[in-house]
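Student: Please take me through one part of this structure closely. I would like one helix and its surroundings, with each term explained.

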Amino acid sequence: MSHEHQEHPPSFMKSPAGIALCVVGAVAAYFLITEHLAHVTSFLPFILLALCPLMHIFMHHGHGHSGHGDSHRAPPASDDKGPTP
């Protein structure tokens, strides 16, 4: 029983060119964030207000309630008063 191991070339991200590309990308992302943060934060209240109705629509699935069955009903209350001494 012989197992032949095929050698694969190293992935691009582990090569020197891939590491250099990641470093350049990280530096570019840093400068983009630091230089344009003031522009983004000025629109932050408007973005939050725009997200409220979108979150309501997507999180409540439009209030259609079709196909949910009885999954949203509260469980029936039991008459159990707790452990008896």
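Tutor: Here is a close look at the second helix and its setting. This is a predicted model, so local features need pLDDT of at least 70, side-chain atom pairs count only at pLDDT 80 or more, and totals for chains, interfaces and linings use all residues. Residues are numbered from 1 along each chain as its sequence is written, and side-chain values use heavy atoms, with hydrogens and water left out.

Start with the whole. The protein chain has two helices and zero strands. Helices (H or I, at least four residues) and strands (E, at least two) are DSSP runs, numbered from the N terminus. Of the 85 residues, 2% count as buried. Buried means under 20% relative accessible area, exposed over 50%, and partly exposed in between (1.4 Å probe, protein chains only).

Now H2. The 17 residues of H2 should span 24 Å at 1.5 Å a residue, and the end C-alpha atoms are 24 Å apart, which agrees. The expected span is 1.5 Å times one less than the number of residues. H2 bends by about 25 degrees at Leu 51, and Pro 53 follows within four residues. A bend is the angle between axes fitted to the seven residues ending there and the seven starting there. Just after H2, His 61 takes a positive phi of about 55 degrees.

Next, the surface. A nonpolar patch includes Phe 43, Leu 44, Leu 51 and Met 59; its members together have about 1100 Å² of accessible area. Such areas come from the Shrake-Rupley method with a 1.4 Å probe; for residues, only the protein chains shown count as cover. Patch residues have over 30% relative accessible area and no salt bridge (a side-chain nitrogen of Lys or Arg within 4 Å of a carboxyl oxygen of Asp or Glu). Like charges are joined within 9 Å, nonpolar side chains (Val, Leu, Ile, Met, Phe, Trp, Tyr) within 5 Å. Met 59 lies in H2, residues 44-60. Met 59 is exposed because its relative accessible area is 61%.
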